[in-house]
Amino acid sequence: MEFDRTALIRAAFVAREYAYAPYSHFKVGAALLTRRGRVFTGCNIESATYTPTCCAERTALVKAVSEGERQFAAIAIVGSMEGHRNTLITSPCGVCRQMLFEFGGPQLIVIMAKSETDYEEMTLDQLLPLGFGPDNLQ
């Protein structure tokens, strides 16, 4: 599936502006593209007790699934310390990789961006080799 990577990254940057990160001060935004062409965004939302904190990727995924979407083509992720420019890529944590694998499968494109033109692109299979998903329970 062809798609506009720049627009997806741009949507992730916009989503990052809504991040609630008063403890880590590390704000993350994600933009998740469905196979039907819809985009769902999410930001990280922290909690003082840390454990219930929700990552940007899972926020976008939960929003999409709660609206009936179940198949995804790509996700763009951006992150940086509050008030700083992105200098490193932000990759999804292990929990997010597992949740993305559930719906995106091994071929989901993961774009980890510093800017609209400077990014790393990998498949989820590269980030989560030998992932465990729905097919394992057949």
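User: What do buried, exposed and partly exposed mean here?

Analyst: A residue is buried when its relative accessible area is under 20%, exposed when it is over 50%, and partly exposed in between (1.4 Å probe, protein chains only). The structure is a predicted model, in which local features need pLDDT of at least 70, side-chain atom pairs count only at pLDDT 80 or more, and totals for chains, interfaces and linings use all residues. Residues are numbered from 1 along each chain as its sequence is written, and side-chain values use heavy atoms, with hydrogens and water left out.

User: Why is Asp118 called partly exposed?

Analyst: Asp118 has a relative accessible area of 38%. That value lies between the 20% and 50% limits, so Asp118 is partly exposed.

User: What makes the pair Asp118 and Lys114 a salt bridge?

Analyst: A salt bridge requires a side-chain nitrogen of Lys or Arg within 4 Å of a carboxyl oxygen of Asp or Glu. The N to O distance for Asp118 and Lys114 is 3.9 Å, so the pair meets the rule. Lys114, with a relative accessible area of 28%, is partly exposed.

User: How many salt bridges does this rule give?

Analyst: The count comes to seven salt bridges. One of them joins Arg38 to Glu67, whose closest N and O atoms are 3.2 Å apart. This pair links distant parts of the chain, 29 residues apart: Arg38 is in the loop between strand E1 (26–34) and strand E2 (39–43), and Glu67 is in the loop between helix H2 (56–66) and strand E3 (72–81). Helices (H or I, at least four residues) and strands (E, at least two) are DSSP runs, numbered from the N terminus.

User: Which residue besides Glu67 forms a salt bridge with Arg38, and why is that residue called buried?

Analyst: The side chain of Glu69 meets that of Arg38 at 3.4 Å, N to O. Glu69 is called buried because its relative accessible area is 2%, which is under 20%. Arg38, at 36% relative accessibility, counts as partly exposed, as does Glu67 at 47%.

User: How do you know that Cys54 is in no disulfide?

Analyst: A disulfide is a pair of cysteine sulfur atoms within 2.5 Å. By this rule the count comes to zero disulfides. The cysteine sulfur nearest to that of Cys54 belongs to Cys55 and is 6.5 Å away, so the rule is not met.

User: What keeps Cys93 from being counted in a disulfide?

Analyst: The nearest cysteine sulfur, that of Cys96, is 3.7 Å away from that of Cys93, so this pair also fails the 2.5 Å limit. Cys93 is partly exposed, at 31% relative accessibility.
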